[in-house]
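The following exercises are to be worked with the sequence and the coordinates at hand. Each task is followed by a solution in steps.

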Amino acid sequence: MGWSLRARLFHWLTAIAITAQWAIGLFLLDGMAMAGNVWLTIHLSLGLVILALTLLRFGSRIFDRAPRRLRLPLVAIVTALGHAGLYALLLLVPLTGWLGYRPAPFMPPPLAFGLLPMPVLTGLEGISQRTMLSLHALLTWALVALVALHALAALFHAIVLRDGVLGGMLRGRDRGDGDRQP
């Protein structure tokens with residue numbers, strides 16, 4: 001058994017958004033996080049999308065259980081920790097970026113999606129903007145590392161184990177090949 005269409009959509013939309021965020025943050029912003037920068041507005045808007053997708057994904061897990069697979073106990077623990085780390089970082093990276101964004105005085109907040117004024121989160125007077133953005137960058141690299149390990153694990157399942165795990169995320173439940181055990 002594979003994943004439902006809803007679960008696959010959340011997964012792949014999140015993957016696309018994270019890839020776009022990483023590219024924008026690394027190559028297009030390049031430290032130029034000024035309120036008028038169009039890439040900053042896109043980056044902040046996509047951060048909100050990732051945050052919303054992650055929260056919706058949590059809610060959808062009530063209806064979409066992970067496909068059952070026979071695993072060694074240690075493998076099950078490592079898998080659970082890896083997924084918990086991914087979910088935690090999918091929440092923490094956008095939140096730390098949002099908390100770290102503080103426009104200059106008298107600068108209007110950016111318009112999320114070009115439409116809605118994006119509120120500036122406050123209440124962390126004891127933590128400087130620079131510290132929060134440093135934490136954001138550190139957590140972003142941790143997310144990149146976990147995503148890379150996640151992708152390598154999927155390739156390992158597809159190429160070495162040939163157990164249908166990747167197929168379950170690509171094709172879903174209807175094919176029934178996500179349950180095969182080696």
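What percentage of the 182 residues of the protein count as buried?

Solution. The model is a predicted one, in which local features need pLDDT of at least 70 and side-chain atom pairs count only at pLDDT 80 or more, while totals for chains, interfaces and linings use all residues. Residues are numbered from 1 along each chain as its sequence is written, and side-chain values use heavy atoms, with hydrogens and water left out. Buried denotes under 20% relative accessible area, exposed over 50%, and partly exposed the range in between (1.4 Å probe, protein chains only). By this criterion, 33% of the 182 residues are buried.

**Exercise 1. Describe the secondary structure and the contacts along the chain.**

Step 1. Helices (H or I, at least four residues) and strands (E, at least two) are DSSP runs, numbered from the N terminus. The protein contains 5 helices and 2 strands.

Step 2. Their order along the sequence is α-α-α-β-β-α-α.

Step 3. A contact means heavy atoms within 4.5 Å. Among contacts with a separation of 6 or more, 74% join residues 24 or more positions apart.

**Exercise 2. Compare the spans of α3 and α4 with their expected values, and state what their buried residues pack against.**

Step 1. The expected span of a helix is 1.5 Å times one less than its number of residues. For α3, with 28 residues, the expected value is 40 Å, and the distance from first to last C-alpha is close to it at 39 Å.

Step 2. Helix α4 (residues 129-161) has 33 residues and spans 46 Å, close to the expected 48 Å.

Step 3. The buried residues of α3 include Leu86, Tyr87, Leu90, Val93 and Trp98. The buried residues of this helix pack against α1, α2 and α4.

Step 4. In α4, the buried residues include Met132, His136 and Leu143. Their partners are α1, α2 and α3 (73-100).

**Exercise 3. Identify the nonpolar surface patch and the helices that supply it.**

Step 1. Accessible areas come from the Shrake-Rupley method with a 1.4 Å probe; for residues, only the protein chains shown count as cover. The protein has an accessible surface of about 11400 Å², and carbon and sulfur atoms hold 74% of that area.

Step 2. Patches are made of residues with over 30% relative accessible area and no salt bridge; like charges are joined within 9 Å, and nonpolar side chains (Val, Leu, Ile, Met, Phe, Trp, Tyr) within 5 Å. A salt bridge is a side-chain nitrogen of Lys or Arg within 4 Å of a carboxyl oxygen of Asp or Glu.

Step 3. Trp22, Leu26, Phe27, Leu28, Val38, Trp39, Ile42 and Trp141 make a nonpolar patch of about 760 Å².

Step 4. At least two patch residues come from each of α1 (5-29) and α2 (38-60). The largest contribution, 4 residues, is that of α1.

Step 5. Trp39 belongs to helix α2 and is partly exposed, at 35% relative accessibility.

**Exercise 4. Determine the surroundings of Thr14, Ser60 and Ala66, leaving out neighbours up to four places away in sequence.**

Step 1. Thr14 is situated in helix α1 and is buried, at 2% relative accessibility. Thr14 is in contact with Leu53, Arg57 and Leu90.

Step 2. Ser60 is part of helix α2 and is buried as well, with a relative accessible area of 6%. The residues touched by Ser60 are Arg6 and Phe10.

Step 3. A polar atom of the Ser60 side chain lies 3.0 Å from the backbone oxygen of Arg57.

Step 4. Ala66 is found in the loop between α2 and α3 and is partly exposed, at 35% relative accessibility. Ala66 touches Trp3 and Arg61. Between the C-alpha atoms of Ala66 and Gly2 there are 8.1 Å, although the two are 64 residues apart in sequence.

**Exercise 5. Locate two residues with positive phi that are not glycine.**

Step 1. Most residues other than glycine have a negative phi.

Step 2. Phe113 has a positive phi of about 60 degrees. Phe113 occupies the loop between β1 (111-112) and β2 (116-117), and is partly exposed with a relative accessible area of 47%.

Step 3. Arg162 has a positive phi of about 50 degrees and comes just after α4. The loop that holds Arg162 joins α4 and α5 (165-170); at 60% relative accessibility, Arg162 is exposed.

Key: Polar contact = N/O pair within 3.5 Å; in protein donor to acceptor, adjacent residues only side chain to side chain.
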